[in-house]
Amino acid sequence: MKIAITGGGSAGHVVPALSVAAQLSTQGANELVFFGRRGSIEHDYAEKAGIRFQSVPSAGLKRYGSWSNLRMPFTVLRGVGAAWRAMRRERPDAVISKGGYVTVPVGVAAWLCRVPVVIHESDHSLGLANRVLARMAARVCLSEPATSKPAPWLARKTVVTGLPLRHDLADGDPERLRGSLGIEAGTEVLLIFCGSSGSARINAAVRDQLDKLRGRFAVIHVCGKGNLDPSLNHAAGYWQFEYLHQEMTDALWLADLVIGRAGATTLAELEALGKRAVLIPLPASVSRGDQLVNAEAYAQRHQGRCHVIQDDEALTGGTSLVAACLQLADAPASSVRPDPAEIHRAADLIARETLAAARRRR
């Protein structure tokens with residue numbers, strides 16, 4: 001049985017998609033193919049996972065004024081054509097779609113080819129791509145129950161599966177990364193990661209206050225592609241990376257404190273490992289506001305172990321960031337070790353829904 005996978009634009013879409021892929025391989029899918037944009041984060045991750053890749057042009061709607069929005073419909077139509085041709089060549093039995101604008105042309109092409117599509121939504125409400133694909137989907141998987149009553153047509157195809165965590169999350173070895181970086185035993189570790197593209201404002205705030213942060217922590221900074229600062233390559237107590245791939249699980253385990261965005265996948269991983277966190281959600285000016293909702297709900301659940309800072313001018317200079325880190329560093333630590341069965345539960349359920357859709361088609 002061949003299953004196509006699509007999702008992209010950020011690690012928050014791609015990492016859960018690959019978790020489902022790992023479960024599909026154990027449940028009877030003997031061939032996987034990933035549909036995404038060439039040269040993208042999904043292309044990079046799929047290659048590292050050993051999954052064959054099919055390139056599909058796509059473009060997303062910018063939530064701020066941009067001339068690229070005028071070209072977007074034509075790019076999507078071109079993507080539908082490319083995805084339709086690839087779908088005809090590949091002939092998958094089903095498609096699992098994890099979100100991100102690249103999924104729209106792939107999902108539409110699958111529907112045109114009568115290939116069942118199963119979609120998954122990480123956030124409290126369907127994102128734009130999933131809203132487009134929901135009517136075409138055979139199944140709509142949700143991370144948590146809908147906050148409002150869905151329309152009858154949507155309720156009939158909806159199932160709550162939870163959010164797939166990275167498949168190797170239970171296998172983290174913090175001492176492996178500590179040893180490879182040369183961090184002394186007993187030193188508190190601060191991990192900073194703000195999505196695959198990083199954040200210029202957060203990177204600047206961290207580097208503006210790097211001396212103060214290094215006074216308390218060993219700082220591991222995942223700053224995004226193209227955001228390395230060569231002048232800091234040999235700074236004591238500071239390690240910067242564009243990405244972490246296999247090492248990311250070890251980094252999550254090693255961290256005593258995390259600075260990060262408030263994407264649903266990030267929060268699920270932090271919660272599973274019981275990490276203290278400074279959250280800087282994407283502002284509504286460049287997103288649909290889902291991270292603001294996520295951060296508020298997470299902070300309510302973890303009072304005293306989470307601090308939320310808005311991504312605005314108050315972040316400039318990094319003073320508020322340092323204050324939040326030092327305050328949380330004194331909060332009680334957690335020694336949560338996640339159950340591997342629980343780590344894989346959501347990905348397992350989504351894989352089962354996808355294979356069931358494929359069998360119904362056959």
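Me: How much surface does the protein expose, and what share do carbon and sulfur atoms supply?
Reply: About 16100 Å² is exposed, with 52% of it from carbon and sulfur atoms. Such areas come from the Shrake-Rupley method with a 1.4 Å probe, and for residues only the protein chains shown count as cover. Bear in mind that this is a predicted model, where local features need pLDDT of at least 70, side-chain atom pairs count only at pLDDT 80 or more, and totals for chains, interfaces and linings use all residues. Residues are numbered from 1 along each chain as its sequence is written, and side-chain values use heavy atoms, leaving out hydrogens and water.

Me: And what percentage of the residues count as buried?
Reply: Buried means under 20% relative accessible area, exposed over 50%, and partly exposed in between (1.4 Å probe, protein chains only). Here 56% of the 362 residues are buried.

Me: Which residues of strand β8 are buried on each side?
Reply: In a regular strand, side chains alternate between the two faces of the sheet. Strands are DSSP runs of E, at least two residues, numbered from the N terminus. In β8 (residues 189–193), five of the five residues are buried: Val-189, Leu-191 and Phe-193 on one side, Leu-190 and Ile-192 on the other.

Me: Which strand does β8 pair with over five bridges?
Reply: Two strands pair if DSSP finds at least two bridges between them. β9 (residues 218–222) is parallel to β8 over five bridges, and there Ile-192 sits opposite His-221. β8 also runs parallel to β11 (residues 257–260), joined by four bridges; in β11, Ile-259 is opposite Ile-192.
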